[in-house]
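This briefing is meant for a reader who is meeting this structure for the first time. It opens with one term that the later points rely on and then goes through the model topic by topic.

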Amino acid sequence: MTHSVALKEITHIESIGHCRVVHTANGSFDERQQSLSSLQERLGALAPGQFISPCRGYIVNQSAIRTITAQDIQLCSEAKIPIRRGEFRKIRDAYFQWVFQSEGEV
């Protein structure tokens, strides 16, 4: 089955076994055709800087972020995504850069 979804609707993608689960504002669906790294590349080409990978097995849409702590990212959907140890500053800086860049485009 093929799913078409707007990038702004994707909150995050997680890899569970051999399946990628795409979480959206309206639910979730499985993506079995592509690896997480190929999804990251495609998303990066379509929306540079909007999607980040805070730890292995996850891609996060920065527009869905509510808060960032040293341990995790909390999304507006209440999901918590772990952050790799020692990556907090990098993730925080990428988020601030994306937010300020996005505000300049409005």
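A residue counts as buried when its relative accessible area is under 20%, as exposed when that value is over 50%, and as partly exposed in between. The model described here is a predicted one, and the points below take up a helix, its strand surroundings, a further sheet, the nonpolar cores and the aromatic residues.

**Helix α1 and its surroundings**

- In helix α1, which spans residues 36-46, the residues Leu-36, Leu-39 and Leu-43 are buried. These leucines lie on the same side of α1, because the arc they cover around the axis is only 60 degrees.
- Glu-41 and Ala-45 are exposed, and they sit on the face of α1 that is turned away from its buried side.
- The strands against which the buried residues of α1 pack are β1 (10-16), β2 (19-24), β3 (27-31), β4 (51-52) and β5 (58-61).

**Strands β1, β2 and β3**

- β1 and β2 are paired in the antiparallel sense over 6 bridges, and within this pairing Glu-14 stands opposite Val-21 in β2.
- The two strands β1 and β2 form a hairpin with 2 residues between them, and Gly-17, which lies in the turn, has a positive phi of about 65 degrees.
- β2 also runs antiparallel to β3, to which 5 bridges join it; here the bridge partner of Arg-20 is Glu-31 in β3, and a hairpin through 2 residues joins β2 to β3.
- In a regular strand, the side chains alternate between the two faces of the sheet.
- For β2, both faces are covered, with Cys-19, Val-21 and His-23 buried on one side and Arg-20, Val-22 and Thr-24 buried on the other. This agrees with the count for β2, where 6 of its 6 residues are buried.

**The sheet of β6, β7 and β8**

- An open sheet is formed by 3 strands in the order β6-β7-β8, with antiparallel pairing. Its edge strands, each pairing on one side only, are β6 (65-68) and β8 (80-82), and neighbouring strands of this sheet are turned by 25 degrees against each other on average, direction ignored.
- Between β6 and β7 (residues 72-75) the antiparallel pairing extends over 3 bridges, and the bridge partner of Thr-67 in β7 is Gln-74.

**Nonpolar cores**

- The largest nonpolar core has 15 residues, of which Ile-65, Ile-68, Ile-73 and Leu-75 touch the most other members. At least two residues of this core come from each of β5, β6, β7 and α2 (88-105), and α2 gives the most, with 4 residues.
- Leaving aside residues up to four places away in sequence, the contacts of Ile-73 include Ile-52, Pro-54, Ile-65, Ala-79, Ile-81 and Ile-91.
- There is also a second, separate core of 10 residues, among them Phe-29, Leu-39, Leu-43 and Ala-47. Leu-39 and Leu-43 are thus named both here and among the buried residues of α1.

**Aromatic residues**

- The structure holds 2 aromatic pairs. One of them is formed by Tyr-95 and Phe-96, a tilted pair with 6.2 Å from centre to centre and 45 degrees between the planes.
- Tyr-95 is buried, because its relative accessible area of 18% falls under the cut-off of 20%, whereas Phe-96, at 40% relative accessibility, counts as partly exposed.
- Together with Phe-100, Tyr-95 and Phe-96 form one aromatic cluster.

How values were computed:
Residues are numbered from 1 along each chain as its sequence is written. This is a predicted model: local features need pLDDT of at least 70, side-chain atom pairs count only at pLDDT 80 or more; totals for chains, interfaces and linings use all residues. Side-chain values use heavy atoms; hydrogens and water are left out. Two strands pair if DSSP finds at least two bridges between them. Axes are lines fitted to C-alpha atoms, for helices over the stretch in contact, and angles run from 0 to 180 degrees between N-to-C directions. Buried means under 20% relative accessible area, exposed over 50%, partly exposed in between (1.4 Å probe, protein chains only). The arc is that of the directions from the helix axis to the C-beta atoms. Contact means heavy atoms within 4.5 Å. Rings of Phe, Tyr and Trp (its six-membered ring) pair if their centres lie within 6.5 Å; planes under 30 degrees apart count as stacked, over 60 as edge-to-face and the rest as tilted. A nonpolar core is a set of buried Ala, Val, Leu, Ile, Met, Phe, Trp, Tyr and Cys residues joined through side-chain atoms within 4.5 Å.
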